[in-house]
Amino acid sequence: MKPAMDKLVAGGVAVLVAGLLVLGVLGLDRPVHAAAAAMVDVPAPGGMADLRQPGVRHARVVFAGGCFWGVQGVFQHVKGVESAVAGYIGGSAADARYVRVGTGRTGHAEAVQVTYDPAQVGYAQLMQVFFSVVHDPTQLDRQGPDRGSQYRSVVYADDAPQRAATLAYIDQLQRSGVFAAPVVTRVEGGRRFYPAEDYHQNYLALHPDAPYIRINDLPKVEALKRQYPALYRDKPRLIATLSVR
């Protein structure tokens, strides 16, 4: 992912801004060759991994698994997800900018903050979606065509039961042998999440014809519909645009 887009925006020159809009619509700031998405049938979380949250009306977790366009786009189609916000996590506020995160030197990961209603969708179900159709959890510091630590696989959960359930599910996946390689997903907490710039929000829904989206991310939404029909909703839950930082 090249960081030139933010520089063009900052320039404020009409011609350059027009060029930015073209790049944004086509998705040409990212590699467009096909990504090998996981899209595997993973077992349902069992035991400690099958976290129940009775009485909780709103819960939150942050998933990082490659380009946040696709991660956000998939979770926006999951019933019970109230919002899915694209952003950055793992580094400082000063560096939480696309142009800086794209260098891979800020410590951030591209990530999506998911707020959900546990009465409609369980945390265990969200993990199933994340580890099967959202990304390939065996890829270290990359995802499909994207390379760099900003594309690492991490679950950021401040809630201790969520962290324990995630660790238990990773162990379950490792023992199941469903993946040909070890799961490299990390589990962390206590990190601040920074929403990304407006032009990254709802990107999959707004630019379904962009080459990157068509090749890498729309197949994930189709896999969600095919593998988890009871969780799939046809109309995505989009977020209101945020202030451009």
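The exchange below goes through helix packing, salt bridges and one loop residue in a predicted model.

Trainee: How many helices and how many strands are there in the protein?

Mentor: Since this is a predicted model, the answers describe computed features. Buried residues make up 52% of the 245 residues, and of the contacts with a separation of 6 or more, 83% are between residues 24 or more positions apart. As for the secondary structure, the protein holds eight helices and eight strands.

Trainee: Are helices H3 and H5 parallel, antiparallel, perpendicular or oblique to each other?

Mentor: Two packed helices are described by the angle between their axes and the distance between the axes. The axes of H3 (residues 68-75) and H5 (residues 123-134) come within 11 Å and cross at roughly 135 degrees, while the handedness of the crossing is right-handed. Roughly perpendicular covers 65 to 115 degrees and roughly antiparallel needs an angle over 145, and H3 and H5 are therefore oblique.

Trainee: How many nonpolar, polar and charged residues make up the contact of H3 with H5?

Mentor: On the H3 side the contact involves Val71, Val74 and Phe75, and on the H5 side these meet Leu126, Val129, Phe130, Val133 and Val134. Sorted by residue class, the contact of H3 with H5 has eight nonpolar, no polar and no charged residues.

Trainee: Is the arginine 175 side of the salt bridge with aspartate 171 buried or exposed?

Mentor: The salt bridge between aspartate 171 and arginine 175 has an N to O distance of 2.9 Å, and both residues lie in helix H6 (residues 160-176), four residues apart, or about one turn of the helix. Aspartate 171 has 40% relative accessibility and so counts as partly exposed. Arginine 175 stands at 61%, and because the cut-off for exposed is over 50%, arginine 175 counts as exposed.

Trainee: Is aspartate 217, the partner of lysine 220 in a salt bridge, buried or exposed?

Mentor: Lysine 220 and aspartate 217 meet at 3.7 Å, N to O, and because they are three residues apart in helix H8 (residues 211-227), about one helical turn separates them. Lysine 220, at 8% relative accessibility, counts as buried. For aspartate 217 the relative accessible area is 1%, so this residue is buried.

Trainee: Which residues are linked with Arg191 in a network of salt bridges?

Mentor: The count of salt bridges in the model comes to six, and one of them joins arginine 191 to glutamate 188, with the closest N and O atoms 3.8 Å apart. Arginine 191 is partly exposed at 39% relative accessibility, whereas glutamate 188 is buried, with a relative accessible area of 16%. The residues linked with Arg191 in the network are Arg186 and Glu188.

Trainee: Which residues does proline 43 touch, leaving aside those up to four places away in sequence?

Mentor: Proline 43 sits in the loop between helix H2 (14-26) and strand S1 (59-65), and at 29% relative accessibility proline 43 counts as partly exposed. The C-alpha atoms of proline 43 and serine 132 are separated by 9.5 Å, although these two residues are 89 residues apart along the chain. Once residues up to four places away in sequence are set aside, proline 43 touches Gln128, Tyr169, Gln172, Leu173, Ser176 and Val178.

Key. Residues are numbered from 1 along each chain as its sequence is written. This is a predicted model: local features need pLDDT of at least 70, side-chain atom pairs count only at pLDDT 80 or more; totals for chains, interfaces and linings use all residues. Side-chain values use heavy atoms; hydrogens and water are left out. Axes are lines fitted to C-alpha atoms, for helices over the stretch in contact, and angles run from 0 to 180 degrees between N-to-C directions. Helices (H or I, at least four residues) and strands (E, at least two) are DSSP runs, numbered from the N terminus. Angles under 35 degrees count as roughly parallel, over 145 as roughly antiparallel, 65 to 115 as roughly perpendicular and the rest as oblique. A crossing is left-handed if the near helix is turned anticlockwise from the far one by less than a right angle, and right-handed if clockwise. Contact means heavy atoms within 4.5 Å. Ala, Val, Leu, Ile, Met, Phe, Trp, Tyr, Cys and Pro count as nonpolar, Asp, Glu, Lys and Arg as charged, and the others, Gly among them, as polar. A salt bridge is a side-chain nitrogen of Lys or Arg within 4 Å of a carboxyl oxygen of Asp or Glu. Buried means under 20% relative accessible area, exposed over 50%, partly exposed in between (1.4 Å probe, protein chains only).
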